[in-house]
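This briefing sets out the structural features of one protein chain, arranged by topic for use at the bench. The sequence and the model are shown first, and the commentary follows.

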Amino acid sequence: MIIENRKVVAFHYTLTNERGEELESSRERQPMSYLHGAHNILPGLEKALAGKSAGDHVKVTLPPAEAYGERDPSRMRRIPAKHFNNPRRMRSGQVVTLQTQQGDSVPAVVVKVGRFNIDVDTNHPLAGQTLTFDVEITDVRDASPEEVAHGHAHERGSHHD
Ligand SMILES: [Zn+2]
């Protein structure tokens, strides 16, 4: 069965950056599933998988513009330390959740911990990186009418919402 719109595709992947460092892998968990043609995954990855079938291996390298975008310097924020619960315990590299004045939660990475201020970066952690996906397609099946209506894949036999 060929990957095209309205197929549910399961695959294992390993994600590496341009230095060849492994960032993520699905190998220790279930394969990832998505509904093809519904923009569930990065467009560049979806395009590379079209026309392939179960058992195929696909390696695709995506520049930042086709992955998580360029880093936006305006998304660096300096926040007074007193706005954090435990500023003395914060370390650079730590992921924190910021609350906006509108009440939204925004993930951010701590860049620098100063005495009075904490610098955080709200760019996507993979922004600005060229990413290589090493993919093994494990299954391709027809989507159910319900999956097509929802615009995403469901675990086999289960439902949610
Ligand atoms: Zn659903």
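**Backbone, core and contacts**

Arg6 is found in the segment before strand 1. The model is a predicted one, and the values below are computed from it. In this model the phi angle of Arg6 is near 70°, a positive value in a residue other than glycine. Most residues other than glycine have a negative phi.

**Backbone and loop positions**

- Arg6 is exposed, its relative accessible area being 55%.
- His39 also has a positive phi, near 60°, and is a residue other than glycine.
- The loop between strand 3 and helix 1 holds His39, and this residue is exposed at a relative accessible area of 66%.
- Asp72 belongs to the loop between strand 4 and strand 5.
- With a relative accessible area of 31%, Asp72 counts as partly exposed, because the partly exposed class runs between the 20% and 50% limits.
- Asp72 and Thr122 are 50 residues apart along the chain, and their C-alpha atoms are separated by 8.9 Å.

**Nonpolar core**

- The largest nonpolar core comprises 21 residues.
- Phe11, Leu45, Leu49, Phe133, Val135 and Ile137 have the most contacts inside this core.
- Two or more residues of the core come from each of strand 1, helix 1 (43–49), strand 4 (57–62) and strand 9.
- Strand 9 gives the most to the core, contributing five residues.

**Aromatic pairs**

- Three aromatic pairs are found in a search of the whole structure.
- Phe11 and Tyr34 make an edge-to-face pair, with 5.9 Å from centre to centre and 75° between the planes.
- This pair links distant parts of the chain, since Phe11 is in strand 1 (residues 7–16) and Tyr34 in strand 3 (residues 32–35), 23 residues apart.
- Phe11 and Tyr34 are both buried.
- The ring centres of Tyr13 and Phe133 are 6.4 Å apart and the planes lie at 50°, so this pair is tilted.
- Tyr13 in strand 1 and Phe133 in strand 9 (residues 131–142) are 120 residues apart, and their pair links distant parts of the chain.
- Both Tyr13 and Phe133 are buried.
- One aromatic cluster is formed by Phe11, Tyr13, Tyr34 and Phe133.
- Two members of that cluster, Phe11 and Phe133, are also among the residues with the most contacts inside the largest nonpolar core.

**Salt bridges**

- The count of salt bridges comes to seven, and three of the pairs are described below.
- Arg19 and Glu21 meet through their side chains in a salt bridge, at 3.2 Å from N to O.
- Arg19 is exposed, with a relative accessible area of 64%, whereas Glu21 is partly exposed at 38%.
- A salt bridge also joins the side chains of Arg78 and Asp119, with an N to O distance of 2.7 Å.
- Arg78 lies in strand 5 and Asp119 in strand 8 (residues 117–121), so this pair ties together parts that are 41 residues apart in sequence.
- Arg78 is exposed, its relative accessible area being 56%, whereas Asp119 is buried at 13%.
- In the salt bridge of Glu147 with Arg141, the closest N and O atoms are 3.1 Å apart.
- Glu147 is buried, with a relative accessible area of 2%, and Arg141 is buried as well, at 19%.
- Glu4, Lys7 and Asp142 are joined into one network by salt bridges that share partners.

**Largest pocket**

- The volume of the largest pocket is about 260 Å³.
- Its lining consists of Ile79, Pro80, His83, Phe84, Asn85, Asn86, Met90, Thr97, Leu98 and Gln99.
- Strand 5 (76–80) and strand 6 (95–99) each contribute at least two residues to the lining of the largest pocket.
- Strand 6 gives the most to this lining, with three residues.
- The lining of the largest pocket divides by class into five nonpolar and five polar residues, with no charged residues.

Terms used: Residues are numbered from 1 along each chain as its sequence is written. This is a predicted model: local features need pLDDT of at least 70, side-chain atom pairs count only at pLDDT 80 or more; totals for chains, interfaces and linings use all residues. Side-chain values use heavy atoms; hydrogens and water are left out. On a 1 Å grid over the protein atoms alone, a cavity is a set of points where a 1.4 Å probe fits but cannot get out, and a pocket is an open set with protein on both sides within 12 Å along at least five of seven lines; lining residues have an atom within 4 Å of a point. Grid points are joined across faces, edges and corners, and a volume is the space filled by probe spheres set on the points. Helices (H or I, at least four residues) and strands (E, at least two) are DSSP runs, numbered from the N terminus. Ala, Val, Leu, Ile, Met, Phe, Trp, Tyr, Cys and Pro count as nonpolar, Asp, Glu, Lys and Arg as charged, and the others, Gly among them, as polar. A salt bridge is a side-chain nitrogen of Lys or Arg within 4 Å of a carboxyl oxygen of Asp or Glu. Buried means under 20% relative accessible area, exposed over 50%, partly exposed in between (1.4 Å probe, protein chains only). Rings of Phe, Tyr and Trp (its six-membered ring) pair if their centres lie within 6.5 Å; planes under 30 degrees apart count as stacked, over 60 as edge-to-face and the rest as tilted. A nonpolar core is a set of buried Ala, Val, Leu, Ile, Met, Phe, Trp, Tyr and Cys residues joined through side-chain atoms within 4.5 Å.
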